[in-house]
Amino acid sequence: MARILIVDDAKFMRVTLTNVLEGANHTIAGEAENGIEAVSQYKTLQPDLVTLDITMPEKNGLDALKEIMGEFPSAKVIMCSAMGQQKMVVEAIEAGAKDFIIKPFDSSRVLEAVERVLG
């Protein structure tokens, strides 16, 4: 199964995603709580997939996405957003994100997105 990097400023959301993904036999390669850590962890771990929150302190998910995609064009990133962030989701897809999931997370939707992106 896949090695996944989870990026979200909320510990609760990281734990929720970890439980869903590990339940489907994926491995959590690492966690980050802001965009700066996300880029650094991506470079170090080179995971199969990243779940990336849009709204975070220090560096938001869109900026982190652009930086990751700039250096690793084949990166597989799923954006996570709260309701009402459609404009940012569209911008993320245009910047190279492969899919998005809406908070609060629906386990089946998360796994469906992961399977689709991993192909």
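Two residues are taken to be in contact when heavy atoms of theirs lie within 4.5 Å. With that cut-off in hand, and bearing in mind that the model is a predicted one, a convenient place to enter the structure is Thr 51, which sits in strand 3. Residues up to four places away in sequence left out, Thr 51 touches Ile 4, Leu 5, Ile 6, Val 7, Leu 17, Ile 78 and Cys 80. Thr 51 has a relative accessible area of 1%, and it therefore counts as buried, since the limit for that class is under 20%.

The preceding residue in the numbering, Val 50, also belongs to strand 3, and with a relative accessible area of 0% Val 50 is buried as well. Its contacts, once neighbours within four places in sequence are set aside, are Leu 5, Val 7, Tyr 42, Lys 76, Val 77 and Ile 78. The C-alpha atom of Val 50 is separated by 9.6 Å from that of Leu 65, a residue 15 residues apart from it along the chain.

Val 7 appears in both of these contact lists, and its own list, again without residues up to four places away in sequence, consists of Ala 32, Asn 34, Ala 38, Val 50, Thr 51, Leu 52, Asp 53 and Met 56. Val 7 is also one of the residues with the most contacts inside the largest nonpolar core, which has 22 residues; the others so distinguished are Leu 52, Leu 65, Val 77 and Met 79. Two or more residues of this core are supplied by each of strand 1, helix 2 (35-45), strand 3, helix 3 (61-71), strand 4 and helix 4 (86-94), and helix 3 gives the largest share, namely five residues. Apart from this core lies another, of 17 residues, which includes Ile 4, Ile 28, Leu 49 and Val 114. In soluble globular proteins, nonpolar side chains tend to be buried together.

Helix 1 comes next. Its 13 residues, 11-23, should span 18 Å at 1.5 Å a residue, and because its end C-alpha atoms are 18 Å apart, the model agrees with that expectation. Met 13, Arg 14, Leu 17, Thr 18, Val 20 and Leu 21 are the buried residues of helix 1, and what covers them includes strand 1 (3-7), strand 2 (27-32), strand 3 (49-53), strand 4 (77-82), strand 5 (99-103) and helix 5 (107-118). The axes of helix 1 and helix 5 come within 10 Å and cross at roughly 65°, in a right-handed crossing. To this contact helix 1 brings Leu 17, Val 20 and Leu 21, while helix 5 brings Ser 107, Val 110, Leu 111 and Val 114; by class, the residues involved are six nonpolar, one polar and no charged.

The backbone deserves a separate look. Most residues other than glycine have a negative phi, and most peptide bonds are trans. Asn 25, which follows helix 1, has a positive phi near 70°. Gln 46, in the loop between helix 2 and strand 3, has a phi near 45°, and at 44% relative accessibility Gln 46 counts as partly exposed. Glu 58, in the loop between strand 3 and helix 3, has a positive phi of about 70°, and its relative accessible area of 65% makes Glu 58 exposed. Finally, the peptide bond from Lys 103 to Pro 104 is cis, with omega near -5°, and Pro 104 lies in the loop between strand 5 and helix 5.

Notes. Residues are numbered from 1 along each chain as its sequence is written. This is a predicted model: local features need pLDDT of at least 70, side-chain atom pairs count only at pLDDT 80 or more; totals for chains, interfaces and linings use all residues. Side-chain values use heavy atoms; hydrogens and water are left out. Helices (H or I, at least four residues) and strands (E, at least two) are DSSP runs, numbered from the N terminus. The expected span of a helix is 1.5 Å times one less than its number of residues. Buried means under 20% relative accessible area, exposed over 50%, partly exposed in between (1.4 Å probe, protein chains only). Axes are lines fitted to C-alpha atoms, for helices over the stretch in contact, and angles run from 0 to 180 degrees between N-to-C directions. A crossing is left-handed if the near helix is turned anticlockwise from the far one by less than a right angle, and right-handed if clockwise. Ala, Val, Leu, Ile, Met, Phe, Trp, Tyr, Cys and Pro count as nonpolar, Asp, Glu, Lys and Arg as charged, and the others, Gly among them, as polar. A nonpolar core is a set of buried Ala, Val, Leu, Ile, Met, Phe, Trp, Tyr and Cys residues joined through side-chain atoms within 4.5 Å.
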